[in-house]
Amino acid sequence: MDHRTQRFKNENDVYCRTFTLDQKTFCFRRWMQHTAILNVVGFVLGVQNQEVTVLLVVTLILFVVLLVKLHFKVSQESLLVMASIGIQVTTTYALGKRSLQFYDIRNVKDIIINEGITMHKVIFYLVLLLQDHDTHEQPLTLVPLFKHSWPRLNFLQEVYAGTQEVLKHRRKMCHRDKNVTVS
């Protein structure tokens with residue numbers, strides 16, 4: 001069962017599209033329930049009779065685990081496709097940190113849906129195909145998109161269709177510019 005909340009935001013513009021995927025945020029209620037259960041188990045085992053330093057070390061370890069979990073928890077991933085500039089991938093973490101990656105439109109060859117096969121299932125993911133626009137002899141570089149959330153295939157198909165519209169418009173603009181002669 002997938003516990004993620006998916007939101008598809010599509011701005012109806014041929015030149016620019018934004019696709020956003022929100023994930024379930026960190027659940028403090030469940031964390032507090034686990035902490036309460038751990039406290040009851042500790043009370044039954046007589047941990048309160050231990051030295052204060054042992055209790056402080058256990059509390060410190062739990063606090064560090066909480067911070068590490070919040071630091072690496074991704075709350076939102078978004079893809080901004082602009083026909084004339086490029087593609088921006090934004091990853092927002094639970095503590096507010098943002099990671100931005102930008103790919104020049106001249107280096108973008110295509111966006112495809114790829115599949116990976118594991119021992120137990122088939123995973124679909126969106127891939128950005130990049131190639132250096134100066135030298136077309138280099139092999140393509142594959143950049144996976146939405147790599148922290150692994151969205152379902154129907155979401156990937158909607159993103160694929162929207163990005164293909166923008167890239168198709170970009171190809172038309174490039175083709176038209178090549179056919180225009182300067183007098």
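**Exercise 1. Find the salt bridge that Asp104 forms, and place its partner by exposure.**

Step 1. This is a predicted model. Look at the side chain of Asp104: it meets that of Arg106 in a salt bridge.
Step 2. Check the N to O distance, which is 2.7 Å. The cut-off is 4 Å, so the pair qualifies.
Step 3. Now take the accessibility of Arg106. Its relative accessible area is 48%. Exposed begins over 50%, so Arg106 is classed as partly exposed.

**Exercise 2. How many salt bridges are there by this rule, and which residue pairs with Arg17?**

Step 1. The count is two.
Step 2. Arg17 bridges to Glu165, and their closest N and O atoms lie 2.7 Å apart.
Step 3. Locate both ends. Arg17 sits in strand E1 (residues 16–22), while Glu165 sits in helix H3 (residues 153–179). The two are 148 residues apart, so this pair links distant parts of the chain.
Step 4. Compare the accessibility classes. Arg17 has a relative accessible area of 7% and is buried. Glu165, at 40%, is partly exposed.

Background: side chains of opposite charge can pair when their charged atoms come close.

**Exercise 3. Work out the strand order of the open sheet and name its edges.**

Step 1. Four strands make up the sheet, in the order E1-E2-E3-E4. Their pairing is antiparallel.
Step 2. Look for strands that pair on one side only. These are E1 and strand E4 (98–104), the edge strands.
Step 3. Add the twist. From one strand to the next, it averages 10°.
Step 4. Zoom in on E1 and strand E2 (residues 74–82). Seven bridges join them. Cys16 stands opposite Met82 in E2.

**Exercise 4. Which residues of the largest nonpolar core touch the most other members, and which element gives the most to this core?**

Step 1. The core has 22 residues. Those touching the most other members are Leu79, Ile87, Val108, Leu126, Leu128 and Phe146.
Step 2. List the elements that give two or more residues. They are E1, E2, strand E3 (86–93), strand E5 (108–117), strand E6 (122–130), strand E7 (141–145) and H3.
Step 3. Pick the top contributor. H3 gives the most, with five residues.

Background: in soluble globular proteins, nonpolar side chains tend to be buried together.

**Exercise 5. What is Leu128 in contact with, leaving aside neighbours within four places in sequence?**

Step 1. Set those neighbours aside.
Step 2. Read off the remaining contacts of Leu128: Ile87, Tyr103, Val108, Asp110, Ile111, Thr141, Leu142, Val143 and Leu145.
Step 3. Match with the core. Ile87 and Val108 are also among the residues touching the most other core members.

Key
Residues numbered from 1 in each chain as written. Predicted model: local features only at pLDDT ≥ 70, side-chain atom pairs only at ≥ 80, totals over all residues. Heavy atoms only, no water. Buried < 20%, exposed > 50% of the residue type's maximum accessible area, 1.4 Å probe, protein only. Pairing = 2+ DSSP bridges. Axes fitted to C-alpha atoms, helices over the stretch in contact; angles between N-to-C directions. Core = buried A, V, L, I, M, F, W, Y, C linked by side-chain atoms within 4.5 Å. Contact = heavy atoms within 4.5 Å.
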